[in-house]
Amino acid sequence: MNFNLIFILIVWLLALVIHEVSHGWVAESLGDSTAKDLGRLSLNPLNHLDPIGSVLVPLFLFLSGSPILIGWAKPVPVNPYNLRDKKYGMLKVALAGPLANFLVAVFFALVIRFLPPSALSLIALLQIIMTYNLLLGFFNLLPIPPLDGSQILFSLLPGKFSEIKDSLFKYGPLLLIFFVFFGFRYLIIFVSFVSYLLLGIY
């Protein structure tokens, strides 16, 4: 296993951890201490590892030469009944994960902009951090259960659209598999475009 592979796997894992912890931090700020009580507000990756989703799946995809990297950490538990904001509390919690990844990406994009062109190796590593955080953030905004985007959509949909919610829950796993095989390439293209914008290439 070469250095680049190890570095990418570490970046992916830390992006997942930051994503999940951010959900818990916002939930706690809104009155739900479930994640804190269970020790899930720690940045220690061991507290969030899902043996299959955090390790085996990404490792298998990389070793098999797949151009697609997906994975997941253990979801941070949130009790919506404890949130002070009953109407938009879950929307805020759901947004927290992707926004945290976007903030990380913007931070490292700014660092790259201030680095001299001669620092090619460092720039390449920081671009990996930026890209994978963007990828995780935008992927989770898809309105497909169990991704964060579905919770955002459900928080905004009026009650009369409950059938849409039920259908998405029912067919969510199939839709997600379909997207991974047929739509993920377009997400990568979009993320590349956003990366160029952040770096001032366009």
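# A tour of an eight-helix chain

M90 lies in helix 4. Select it first. This is a predicted model, and M90 makes a convenient entry point. Is M90 buried, partly exposed or exposed? Its relative accessible area is 21%, and buried means under 20%, so M90 counts as partly exposed.

Now show what surrounds M90. Setting aside neighbours within four places in sequence, M90 is in contact with V78, P80, L83, Q151 and S155. For a sense of scale, add L9. M90 and L9 are 81 residues apart in sequence, and their C-alpha atoms are 29 Å apart in space.

**Stop 1: the whole chain**

Zoom out and colour by secondary structure. The protein chain has eight helices and zero strands. Along the sequence the pattern reads α-α-α-α-α-α-α-α. The radius of gyration is 18 Å, close to the 17 Å that the globule rule gives for 202 residues, so the chain is as compact as a globular protein of that length.

Rotate the C-alpha trace. Along its principal axes it spans about 55 × 35 × 35 Å. Colour by burial next: 43% of the 202 residues count as buried. Then turn to contacts with a sequence separation of 6 or more. Residues 24 or more positions apart account for 69% of these.

**Stop 2: helix 4 against helix 6**

Return to helix 4 and bring up helix 6. Their axes come within 9 Å and cross at roughly 150°. Helix 4 is therefore roughly antiparallel to helix 6. The crossing is left-handed.

Which residues of helix 4 and helix 6 make the contact? On helix 4, select M90, L91, A94, L95 and P98. On helix 6, select D148, Q151, I152, S155 and L156. Colour this contact by class: seven residues are nonpolar, two are polar and one is charged. M90, the starting point, belongs to this set.

**Stop 3: helix 4 against helix 1**

Keep helix 4 (residues 89-114) and swap helix 6 for helix 1 (residues 3-29). Helix 1 and helix 4 pack at an angle of about 140°, with their axes 8 Å apart. The two helices are therefore oblique to each other. Here helix 1 passes helix 4 in a right-handed crossing.

Show the side chains. Helix 1 brings A15, I18, H19, S22, H23, V26 and A27. They meet K92, V93, A94, A96, G97, P98, A100, N101 and V104 in helix 4. By class, this contact holds ten nonpolar, five polar and one charged residue.

Look again at A94 and P98. Both take part in the contact with helix 1, and both also take part in the contact with helix 6.

**Stop 4: the loop between helix 5 and helix 6**

Select L142. This residue sits in the loop between helix 5 (120-140) and helix 6 (148-156). Its relative accessibility is 18%, so L142 counts as buried. Beyond residues up to four places away in sequence, L142 touches L147, G149, S150 and F179. Measure out to F179 in the viewer: L142 and F179 are 37 residues apart in sequence, and 9.7 Å apart from C-alpha to C-alpha.

Step along to P146, in this loop between helix 5 and helix 6. Which residues does a cis peptide bond join? Select P145 and P146: the bond between them is cis, with omega about 5°. Most peptide bonds are trans.

Move on to S150, in helix 6. With a relative accessible area of 4%, S150 is buried. Leaving out neighbours within four places in sequence, its contacts are L142, P143, I144 and P145. P145 thus appears twice on this stop: at the cis bond with P146 and in contact with S150.

**Stop 5: helix 5 against helix 8**

Finish with helix 5 and helix 8 (residues 184-199). Their axes come within 10 Å and cross at roughly 130°. Helix 5 is therefore oblique to helix 8, and the crossing is right-handed.

Select Q127, M130, T131, L134, L135, F138 and F139 on helix 5. Then add F184, L187, I188, F190, V191, V194, S195, L198 and L199 on helix 8. How many residues of the contact of helix 5 with helix 8 are nonpolar, polar and charged? There are 13 nonpolar, three polar and no charged residues.

How values were computed: Residues numbered from 1 in each chain as written. Predicted model: local features only at pLDDT ≥ 70, side-chain atom pairs only at ≥ 80, totals over all residues. Heavy atoms only, no water. Axes fitted to C-alpha atoms, helices over the stretch in contact; angles between N-to-C directions. Helix = DSSP H or I, 4+ residues; strand = E, 2+ residues; numbered from the N terminus. Parallel < 35°, antiparallel > 145°, perpendicular 65-115°, else oblique. Left-handed = near helix turned anticlockwise from the far one by under 90°. Contact = heavy atoms within 4.5 Å. Nonpolar A, V, L, I, M, F, W, Y, C, P; charged D, E, K, R; others polar. Rg over C-alpha atoms; globule rule 2.2 N^0.38 Å. Buried < 20%, exposed > 50% of the residue type's maximum accessible area, 1.4 Å probe, protein only.
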